[in-house]
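Please look through the structure below before reading on, and keep it open beside the text. The report moves from a single loop to the sheets, and then to a helix and the empty spaces inside.

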Amino acid sequence: MSTGEDPRDEPLGRVFLCRVIEPGDEAGGRWVREFGVGEVVRRLREGAPALPGVSETRWAGLVARARRAEPERDLAVAARAGARFVGPGDAEWPGQLDDLGDARPLGLWVRGRPSLRMWALRSVAVVGARACTEYGTHVAATLAGGLAERGWVVVSGGAYGIDGAAHRGALAARGATVAVLACGVDRPYPRGHAALISRIAEQGLVVGELPPGDHPTPSRFILRNRVIAALTRGTVVVEAACRSGSLATARAAGRLGRFTMGVPGPVTSALSAGVHELLRGEAALVTDAAEVVELVGDMGELAPPRKGPVLPRDLLQPSARAVLAALPGSRAATVEEIALGTPTTRDEAIARLYELRALGYVERHGDGWKLTRQAVMSVRTGRAPC
């Protein structure tokens with residue numbers, strides 16, 4: 001490690017530990033909690049006897065990493081990329097991450113101008129499959145756009161598929177979005193999303209636990225998901241197969257007491273099978289941004305009730321509807337036949353028939369009554385007969 005500011009100073013010490021300890025390492029988190037950042041840094045730098053909870057082999061690997069750690073250099077590289085380091089206790093630190101306990105990040109690298117703490121207070125995660133369908137892409141973008149228009153921050157992982165669609169939906173609505181990466185924030189991954197992640201950094205925030213230059217691994221993707229879950233008020237899964245990593249985000253959200261939500265898909269689609277399994281458990285079914293906000297938002301932020309269209313015949317009096325229903329669809333009927341089909345008196349049937357004729361539903365055919373052509377069409381289309 002280069003000379004300079006003493007790494008036992010907590011902020012610099014946390015930068016040092018980010019280079020040494022893997023994200024989500026609960027043993028490392030416990031050391032920091034029990035011994036303090038400075039003491040853990042000192043023992044790693046000096047190659048002292050192993051701290052509790054790890055084998056000698058594992059400890060030797062951490063000490064070897066510590067010899068190569070250069071926190072001042074990491075801070076300089078981050079600054080050139082427009083990133084800053086935010087640790088627990090800083091004004092920008094989102095307090096909800098503390099719910100992770102010893103798995104809490106040692107700190108976060110943040111690119112972008114807004115305050116991570118303020119944005120996280122009103123945020124929702126939208127995640128799902130990388131190999132998604134057009135349906136999933138459309139739903140994710142629409143959902144994220146609707147949340148952004150309502151003043152919510154959309155958080156996702158910056159990956160292909162649902163994640164990318166969610167980010168683009170929020171950006172298209174000129175809203176706020178946060179990408180939580182499983183690599184250094186100066187090295188966007190996947191490469192195909194470099195332009196998207198750069199745009200997110202300009203309009204929103206790009207966040208990661210790993211120091212500058214670090215690359216993603218399968219385990220780091222899974223561990224990244226706990227940050228997405230803890231950072232937000234709830235997680236929506238749009239499309240996910242039974243082994244999708246996005247389900248880990250939803251399960252982490254459930255363990256943390258956050259809302260878990262799923263958007264249903266076709267029951268024949270393997271890419272929705274994981275979501276449907278969530279919905280069979282504790283997850284809530286949602287279909288649009290209003291329903292998401294009803295769950296995660298403040299009291300009174302209710303989604304509008306869903307009702308079918310009101311048809312013109314629904315506005316008729318019950319007795320008139322009964323007479324209308326008694327008329328055959330393809331021929332004329334006598335008053336006596338109509339009265340028997342209701343059942344009602346002949347005089348009442350005549351009164352209702354004249355009322356229906358004035359409204360354009362029926363017409364006289366000699367001694368009989370018949371539905372008008374417009375009335376038959378209104379049954380099929382829901383439009384008024386005239």
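In which loop does Pro343 lie? In this model, which is predicted rather than determined by experiment, Pro343 lies in the loop between helix H15 (335–341) and helix H16 (346–358). The peptide bond that joins Thr342 to Pro343 is cis, with an omega of about -20 degrees. A cis peptide bond also joins Tyr189 and Pro190, where omega is about 0 degrees, and Pro190 belongs to the loop between E5 and H9. Most residues other than glycine have a negative phi, and most peptide bonds are trans. Arg174, although not a glycine, has a positive phi of about 60 degrees. Arg174 sits in the loop between helix H8 (162–172) and E5, and it counts as exposed because its relative accessibility is 77%, where the cut-off for exposed is over 50%.

**The nine-stranded sheet**

Nine strands form an open sheet with mixed pairing, in the order E1-E2-E6-E5-E4-E3-E7-E8-E9. Its edge strands are E1 and strand E9 (284–285), each of which pairs on one side only. The table sets out some of the strand pairs.

| Strand pair | Sense | Bridges |
|---|---|---|
| E2 (residues 108–111) and E6 | antiparallel | three |
| E5 (residues 177–181) and E6 | parallel | four |
| E7 (residues 234–237) and E8 | parallel | four |
| E8 (residues 259–262) and E9 | parallel | two |

Strand E6 is a good place to follow the pairing residue by residue. Gly208 in E6 is the bridge partner of Trp109, and Gly208 is also the bridge partner of Leu181. In a regular strand the side chains alternate between the two faces of the sheet. Along E6 (residues 205–208), Leu205 and Val207 point one way while Val206 and Gly208 point the other way, and all of these residues are buried. E5 and E6 are also linked through helix H9 (residues 194–203), and together the three elements make a right-handed β-α-β unit.

Further along the sheet, Met261 in E8 is the bridge partner of Val236. From E7 the chain crosses through helix H11 (residues 246–255) to E8, and this β-α-β crossover is right-handed. Met261 also stands opposite Ala284 in E9, while Gly262 has Leu285 of E9 as its bridge partner. A right-handed β-α-β unit is made here too, by E8, helix H12 (residues 273–280) and E9.

**The three-stranded sheet**

Another open sheet is formed by three strands in the order E10-E12-E11, and its pairing is antiparallel. Strand E10 (333–334) and strand E11 (362–365) stand at the edges with a single partner strand each, so one side of each is left without a neighbour in the sheet. Two bridges hold the antiparallel pairing of E10 with strand E12 (residues 368–371), and the bridge partner of Ala333 in E12 is Trp369.

**A covered helix and a buried loop residue**

What share of helix H1 is buried? Helix H1 (residues 10–20) is mostly covered, since eight of its eleven residues are buried; among them are Leu12, Val15, Phe16 and Val20. The buried residues of H1 pack against helix H2 (26–35), helix H3 (37–46), helix H4 (56–68), helix H5 (71–80), strand E1 (83–86) and E2.

Leu100 is found in the loop between E1 and E2. Leu100 counts as buried because its relative accessibility is 14%, and the cut-off for buried is under 20%. Not counting residues up to four places away in sequence, Leu100 touches Pro105, Arg226, Ala230 and Leu256. Leu100 and Leu256 are 156 residues apart in sequence, yet their C-alpha atoms are 7.6 Å apart in space.

**Empty space inside**

Rolling a probe the size of a water molecule over the atoms shows where empty space is left. A search of the whole structure finds three cavities of 30 Å³ or more, and the largest has a volume of about 110 Å³. This largest cavity is lined by 16 residues, of which Ile21, Glu22, Pro23, Leu106 and Glu209 are the closest to its centre. The lining is mixed in character, with six nonpolar, four polar and six charged residues.

How values were computed:
Residues numbered from 1 in each chain as written. Predicted model: local features only at pLDDT ≥ 70, side-chain atom pairs only at ≥ 80, totals over all residues. Heavy atoms only, no water. 1 Å grid on protein atoms, 1.4 Å probe; cavity = no way out; pocket = protein on both sides within 12 Å on 5 of 7 lines; lining within 4 Å. Points joined across faces, edges and corners; volume = space filled by probe spheres on them. Nonpolar A, V, L, I, M, F, W, Y, C, P; charged D, E, K, R; others polar. Buried < 20%, exposed > 50% of the residue type's maximum accessible area, 1.4 Å probe, protein only. Pairing = 2+ DSSP bridges. Right-handed = clockwise from strand over helix to strand, strands pointing away. Contact = heavy atoms within 4.5 Å.
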